[in-house]
Amino acid sequence: MFEGIGPRAARLIVELVHRQDRLWYAGHKPEIDEHVYEPLRALLEEARSKLSRSYPGRQITTKIFRIHRDVRFSKDKSPFKDHASGVLMVGSNVDPGTAIGALYLQIGPEEGAAAGHWAMAPDQLVRYRRAVLHERQGATLSKLLRPLVAGGYQIISAAQLSRAPKGVDPSHPRVELLRHKGLALDFPAIPAKVRHTKALLDWCVERSQEVAPLVRWLLEHVAD
């Protein structure tokens, strides 16, 4: 049962990020598991059950990301990420790199939550752009996004073009959406009064339910 993610969780991640020391991590792993990963997993598991109504007939899978960085192809050889995180993935595509998320939660120096499609695979991007360009489907997307953005959600993605995609009129009314290579929403800042309490679960679920229509649009028009 989720009882909250206390301030000790963020402090442990901050210290790990500062030290970047495998021996320190090994010595503190039980404490990190207790204060960071156990409550993170508990929150996502309870949220998964609560959000199942928003995605009838859809599989929702919990994924907890490793805090170890993949440094094989990176100039930065720091062994650890600057955050701990997990996601609820919706649909048949459970590849965390290109999955559609009902809820993403991050713990660390920069805590926050999000939902949507952070990074689209090439075939997904083709379907996404085709749907955004479609008069009815694209208009529906704009209608879904308008109140969310007005309410404090921010459109984010792994990457975006500096100009309109090739063959797209730069004056297209949805050109800003077409420039993105993903479509996710960064939630408003987690309120201080719920950040370290069990009320964080309900806050995450309520925000996730608000963006669920957008996620369903992505599942219908972009997912495999």
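What follows is a chat about helix packing, the nonpolar core and a few single residues in a predicted model.

Q: Where should I start with the helices, say with how the axes of helix 3 and helix 4 cross?
A: In this predicted model, helix 3 covers residues 122-133 and helix 4 covers residues 135-150, and their axes come within 5 Å and cross at roughly 90°. Because of that angle, helix 3 counts as roughly perpendicular to helix 4.

Q: Which residues make that contact between helix 3 and helix 4?
A: From helix 3 the contact uses Y128, A131, V132 and L133, while helix 4 contributes E135, Q137, G138 and L141. Sorted by class, the contact of helix 3 with helix 4 has five nonpolar, two polar and one charged residues.

Q: And at what angle do helix 4 and helix 7 pack?
A: Helix 7 spans residues 199-221, and helix 4 packs with it at an angle of about 155°, the two axes being 9 Å apart. An angle over 145 degrees counts as roughly antiparallel, so helix 4 is roughly antiparallel to helix 7.

Q: Is that crossing of helix 4 and helix 7 left-handed or right-handed?
A: The crossing of helix 4 and helix 7 is left-handed. On the helix 4 side the contact is made by Q137, T140, L141, L144, L145 and L148, and on the helix 7 side by E210, V211, P213, L214, W217 and H221. By class, the contact of helix 4 with helix 7 has eight nonpolar, three polar and one charged residues.

Q: Switching topic, how many residues are in the largest nonpolar core?
A: The largest nonpolar core has 64 residues, and those with the most contacts inside it are L43, L103, Y128 and L141. Helix 7 supplies the largest share of this core, with 12 residues. As background, nonpolar side chains tend to be buried together in soluble globular proteins.

Q: Now single residues: is Q124 buried or exposed?
A: Q124 is found in helix 3, and with a relative accessibility of 2% Q124 counts as buried, since buried means under 20%. The C-alpha atoms of Q124 and A223 are 6.5 Å apart in space, although these residues are 99 residues apart in sequence.

Q: What about T98, where does that one lie?
A: T98 lies in the loop between strand 2 (84-90) and strand 3 (100-107), and because its relative accessibility is 16%, T98 counts as buried. Going from T98 to H117 takes 19 residues along the chain, and their C-alpha atoms are separated by 7.1 Å.

Q: And K166, buried or exposed?
A: K166 sits in the loop between strand 5 (154-156) and helix 5 (175-179), and at 86% relative accessibility K166 counts as exposed. K166 and L144 are 22 residues apart in sequence, and from C-alpha to C-alpha they are 26 Å apart in space.

Q: Back to helix 4 for a moment, why does A150 count as exposed?
A: A150 is placed in helix 4, and A150 counts as exposed because its relative accessibility is 71%, with the cut-off for exposed being over 50%. The C-alpha atoms of A150 and T140 are separated by 16 Å, with the two positions 10 residues apart along the chain.

Q: Last one, what is phi of Q20 near?
A: Phi of Q20 is near 50°, which is a positive value in a residue other than glycine. Q20 is in the loop between helix 1 (7-19) and helix 2 (22-51), and at 21% relative accessibility Q20 counts as partly exposed.

Terms used
Residues are numbered from 1 along each chain as its sequence is written. This is a predicted model: local features need pLDDT of at least 70, side-chain atom pairs count only at pLDDT 80 or more; totals for chains, interfaces and linings use all residues. Side-chain values use heavy atoms; hydrogens and water are left out. Axes are lines fitted to C-alpha atoms, for helices over the stretch in contact, and angles run from 0 to 180 degrees between N-to-C directions. Helices (H or I, at least four residues) and strands (E, at least two) are DSSP runs, numbered from the N terminus. Angles under 35 degrees count as roughly parallel, over 145 as roughly antiparallel, 65 to 115 as roughly perpendicular and the rest as oblique. Contact means heavy atoms within 4.5 Å. Ala, Val, Leu, Ile, Met, Phe, Trp, Tyr, Cys and Pro count as nonpolar, Asp, Glu, Lys and Arg as charged, and the others, Gly among them, as polar. A crossing is left-handed if the near helix is turned anticlockwise from the far one by less than a right angle, and right-handed if clockwise. A nonpolar core is a set of buried Ala, Val, Leu, Ile, Met, Phe, Trp, Tyr and Cys residues joined through side-chain atoms within 4.5 Å. Buried means under 20% relative accessible area, exposed over 50%, partly exposed in between (1.4 Å probe, protein chains only).
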